[in-house]
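Grab a viewer and work through these exercises at your own pace. Each one sets a task and then walks through a solution.

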Amino acid sequence: AQKNHKPDTILAAQTGSPLLLGLGNGENYITSDSRGFPPEITNIIRVHNGEYVVLRSMGFEIKTFDEVPVVKEIEELKDQVFVADKEGFPDFIIKEIMEQPQALRDCLRGRLNMLKNDQVQLGGLGDVLNGVRIIDRVCNASRIIVVASGSSYSAALLGKYLIESLARIHVEVVYASEFKTAKRPLGDYPKPPVLVAISNSGETGDVVAAVK
C-alpha cells in the first residue's frame, strides 16, 4: 500500500505469503520471490509473519503489528537465477506462450517411464500416510475437491474434465476465496474426499487460507 500524503513511502505486511526486502543503492525493493529482484540486488532481508515494512527509497523500518521495532539480519543473495526478462520478446505474454512447449517437456521430464509403456510416475503419491498409500486414498475417494484462483482455476476445470473422463471420480472445482469462508459439509462417509490445491506460485493467499 502507498500512502497518499507520502508518495515516496510504501507499506508492505507479511500475513502468510513470503515477503522479501531487497536492498539496493538508493533504491529498495519488495517481492515475495527473490527471482523478482533485478540482478544488482545482492542483499536481502526476510520479513516474517506478523511484521510490516515501511519502505522508502533511502531507507526502511520493520516493525511488528504491535508497533515493536525489529532488527533484522541482512542476507547475501547467492546463486540467483533471473527469469524476469523478456529475452527479446515484445512482452511477457508472448514470451510465456512461446515457452509453453519447453515448459510442458520440463513438467513431464522424469514423470513418464518410457520403459513401462509410458507409465506415469508422480512424486509423493507412493508415500504412506497413517498406514495407507496416498495414491490409494485418491483412488478410493468419494470425490476430489480442487481449490484454486485465477488462471489456476481454469487449469482446474480442465483437470476436472480429464479426471472424470479417465478415472471416473467426481471432481468439484471451487474458487479458493469461496471455499475458505463457506461452511461446506465435506462429508467422510463412506469414503472421505480428497482436497487438491493449485497455485502457480505456491503463495496465493486465498489458496493458502483455504488449505489451512
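**Exercise 1. A tyrosine and its ring partner**

Is Tyr-175 buried, partly exposed or exposed, going by its relative accessibility? Then work out how its ring is arranged against that of Tyr-153.

*Solution.* Keep in mind that this is a predicted model.

Step 1: Tyr-175 has a relative accessibility of 36%. Partly exposed covers the range between under 20% (buried) and over 50% (exposed), so Tyr-175 counts as partly exposed.

Step 2: do the same for Tyr-153. Its relative accessible area is 16%, so Tyr-153 is buried.

Step 3: now the rings. A pair of aromatic rings is described by the distance of the centres and the angle of the planes. The count of aromatic pairs here comes to one. In that pair, the ring centres of Tyr-153 and Tyr-175 are 3.8 Å apart and the planes are at 5°. Planes under 30 degrees apart count as stacked, so the Tyr-153 and Tyr-175 pair is stacked.

Step 4: place the pair on the chain. Tyr-153 belongs to helix H4 (residues 151–166) and Tyr-175 to strand E13 (residues 171–175). With these positions 22 residues apart, the pair links distant parts of the chain.

**Exercise 2. The parallel sheet**

In what order do the strands of the sheet containing E13 run, and which stand at the edges?

*Solution.* Step 1: it's an open sheet of three strands, ordered E13-E12-E14, with parallel pairing.

Step 2: E13 and strand E14 (194–197) each have a single partner strand, so they stand at the edges, with one side of each lacking a neighbour in the sheet.

Step 3: check the twist. On average, neighbouring strands of this sheet are turned by 25° against each other, direction ignored.

Step 4: zoom in on one pairing. Four bridges connect strand E12 (residues 144–148) with E14 in the parallel sense. Look for Val-146, which sits opposite Val-196 in E14.

**Exercise 3. The four-stranded sheet**

Which strands stand at the edges of the sheet that includes E4 and E7?

*Solution.* Step 1: write down the order. Four strands make an open antiparallel sheet, E3-E2-E4-E7.

Step 2: read off the ends. Strand E3 (28–31) and strand E7 (75–76) have one partner strand each, so both are edge strands with one side left without a neighbour in the sheet.

Step 3: inspect the E7 end. Strand E4 (residues 43–47) is joined to E7 by two bridges and runs antiparallel to it. Asn-43 is opposite Glu-76 in E7.

Step 4: pick a residue from the E2 strand. Leu-23 lies in strand E2 (residues 19–23). Its relative accessibility is 16%, so Leu-23 counts as buried. The C-alpha atoms of Leu-23 and Met-58 are separated by 9.7 Å, with the two positions 35 residues apart along the chain.

**Exercise 4. A covered strand**

How many residues of strand E5 are buried, and which strands does E5 pair with?

*Solution.* Step 1: count the cover. Five of the six residues in strand E5 (residues 51–56) are buried.

Step 2: on one pairing, strand E1 (residues 9–13) meets E5 antiparallel over five bridges. Here Thr-9 has Arg-56 as its bridge partner.

Step 3: E5 also runs antiparallel to strand E6 (residues 59–64), with six bridges joining them. Leu-55 is opposite Phe-60 in E6.

Notes
Residues are numbered from 1 along each chain as its sequence is written. This is a predicted model: local features need pLDDT of at least 70, side-chain atom pairs count only at pLDDT 80 or more; totals for chains, interfaces and linings use all residues. Side-chain values use heavy atoms; hydrogens and water are left out. Two strands pair if DSSP finds at least two bridges between them. Rings of Phe, Tyr and Trp (its six-membered ring) pair if their centres lie within 6.5 Å; planes under 30 degrees apart count as stacked, over 60 as edge-to-face and the rest as tilted. Buried means under 20% relative accessible area, exposed over 50%, partly exposed in between (1.4 Å probe, protein chains only). Axes are lines fitted to C-alpha atoms, for helices over the stretch in contact, and angles run from 0 to 180 degrees between N-to-C directions.
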